[in-house]
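Visitor: I have a structure to look at and some words I do not yet trust. Could you take me through how such words are earned?

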Amino acid sequence: MENNVFEQMAKRYDTEERIELAKVIVKEVRPELRNSKSKSLIDYGSGTGLIGLELSDLVNSILLVDSSEQMLEVAKAKISHKGITNSKVLYSDFTQETPELKADIVLMSLVLLHIPDTKKILQELFNILNNGGKLIIIDFDKNDKINHPKVHNGFSHEEMKKRLSEVGFKSIEIKTFYHGNGIFMNQDASMFISSSIK
């Protein structure tokens with residue numbers, strides 16, 4: 001019974017396209033987490049855990065944070081279904097209020113584009129990180145074909161570097177790693193990964 005409910009919920013959220021994109025992202029993020037076995041990771045805006053849960057073997061603990069309770073229900077079902085012991089979920093929206101949390105690594109994948117005040121969220125994530133901690137962001141490169149009132153049309157590398165350093169991050173690295181068809185509001189787009197240290 002439980003299996004069935006889980007399957008149905010996951011099918012609704014985890015479309016084939018999302019799953020494929022998540023695989024691409026996971027493959028890119030995994031090398032960033034080398035030697036992180038003792039570290040804690042927060043996946044901010046984790047959704048159903050498509051990315052975060054695929055990294056649980058590389059870190060000591062994972063906290064999936066999302067502002068959608070339904071998404072987290074799906075994530076919880078996956079955690080129990082797969083028997084993952086080091087992952088928890090937290091229903092929270094850091095743009096409203098940030099709980100007292102600390103982590104060694106924060107991952108934010110395809111989330112920044114949905115947040116109007118990018119500087120504020122980067123500041124919140126900076127504050128959550130332990131000293132020497134790492135912020136990993138995956139998002140879309142700037143894309144002039146996209147125009148939506150609620151979504152940034154991607155970010156230029158210069159813009160990202162500037163925002164991250166304004167907040168206080170150091171050793172900021174950023175590179176485009178993937179080009180895909182119809183992956184951003186049905187437009188062809190490319191994704192970047194950025195990693196920076198507090």
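Guide: What follows is a set of questions about this predicted model, each answered by setting a value against a cut-off or a rule.

Visitor: What makes up the protein chain, in terms of helices and strands?

Guide: The protein chain has five helices and seven strands. Read from the N terminus, the order is α-α-β-β-α-β-β-α-β-α-β-β.

Visitor: How do you know that the radius of gyration agrees with a compact globule?

Guide: For 198 residues the globule rule gives a radius near 16 Å, and the protein chain has 16 Å, so the two agree. Along the principal axes, the C-alpha trace spans about 50 × 40 × 30 Å.

Visitor: What share of the residues counts as buried?

Guide: Of the 198 residues, 48% count as buried. The accessible surface of the chain comes to about 10400 Å², and 47% of that belongs to carbon and sulfur atoms.

Visitor: Why is isoleucine 138 called buried?

Guide: Buried means under 20% relative accessible area. Isoleucine 138 has 0%, so the word applies. The residue sits in strand β5.

Visitor: What does isoleucine 138 touch, leaving out residues up to four places away in sequence?

Guide: Its contacts include Ile25, Val29, Leu107, Met108, Phe177 and Phe192. Glutamate 28 is 110 residues away from isoleucine 138 along the chain, yet their C-alpha atoms are separated by 9.4 Å. In the protein chain as a whole, among contacts between residues at least 6 apart in sequence, 69% join residues at least 24 apart.

Visitor: Which residues have the most contacts inside the largest nonpolar core?

Guide: They are Tyr44 and Ile138, in a core of 59 residues. Strand β5, residues 129–140, gives the largest share of this core, six residues. As a general point, nonpolar side chains tend to be buried together in soluble globular proteins.

Visitor: Which residues of α4 are buried, and what covers them?

Guide: The buried residues in α4 are Thr118, Ile121, Leu122, Glu124, Leu125, Phe126 and Ile128. Their cover includes β1, β4, β5 and α5.

Visitor: What makes isoleucine 174 buried, when its relative accessibility is 15%?

Guide: The cut-off is under 20%, not zero. At 15%, isoleucine 174 meets the cut-off and therefore counts as buried. Isoleucine 174 is placed in strand β6. Leaving aside neighbours within four places in sequence, its contacts are His157, Met160, Lys161, Phe192, Ile193 and Ser194. Isoleucine 137 is 37 residues from isoleucine 174 in sequence and 9.0 Å away in space, C-alpha to C-alpha.

Visitor: How do you know that serine 195 is buried?

Guide: Its relative accessibility is 8%, so serine 195 counts as buried by the limit of under 20%. Serine 195 is found in strand β7. Beyond its neighbours within four places in sequence, it is in contact with Glu32, Lys134, Leu135, Ser171, Ile172 and Glu173.

Visitor: And serine 196: buried or exposed?

Guide: Serine 196 has a relative accessible area of 0% and is therefore buried. This residue too lies in strand β7. Among its contacts, with neighbours within four places in sequence left out, are Gly133, Leu164, Phe169 and Lys170.

Visitor: Why is lysine 145 called exposed?

Guide: Exposed means over 50%. Lysine 145 has 61%, so the word fits. Lysine 145 lies in the loop between β5 and α5. Serine 156 is eleven residues from lysine 145 in sequence, and the C-alpha distance between the two is 14 Å.

Visitor: What makes methionine 185 partly exposed?

Guide: Partly exposed covers values between the buried limit of 20% and the exposed limit of 50%. With a relative accessible area of 38%, methionine 185 falls in that range, so it is partly exposed. The residue is found in the loop between β6 and β7. Its phi is near 50°, a positive value in a residue other than glycine.

Visitor: Where does leucine 110 lie, and what is its phi?

Guide: Leucine 110 lies in the loop between β4 and α4. Its phi is positive, about 55°, although leucine 110 is not a glycine.

Visitor: How many charged side chains are there?

Guide: The protein chain has 26 positive and 28 negative side chains. The centres of the two sets lie 4 Å apart.

Note on methods: Residues numbered from 1 in each chain as written. Predicted model: local features only at pLDDT ≥ 70, side-chain atom pairs only at ≥ 80, totals over all residues. Heavy atoms only, no water. Helix = DSSP H or I, 4+ residues; strand = E, 2+ residues; numbered from the N terminus. Rg over C-alpha atoms; globule rule 2.2 N^0.38 Å. Buried < 20%, exposed > 50% of the residue type's maximum accessible area, 1.4 Å probe, protein only. Contact = heavy atoms within 4.5 Å. Areas by Shrake-Rupley, 256 points an atom, 1.4 Å probe, with all protein chains shown as cover. Lys, Arg positive; Asp, Glu negative; His and termini not counted. Charge placed at Lys NZ, Arg CZ, Asp CG, Glu CD. Core = buried A, V, L, I, M, F, W, Y, C linked by side-chain atoms within 4.5 Å.
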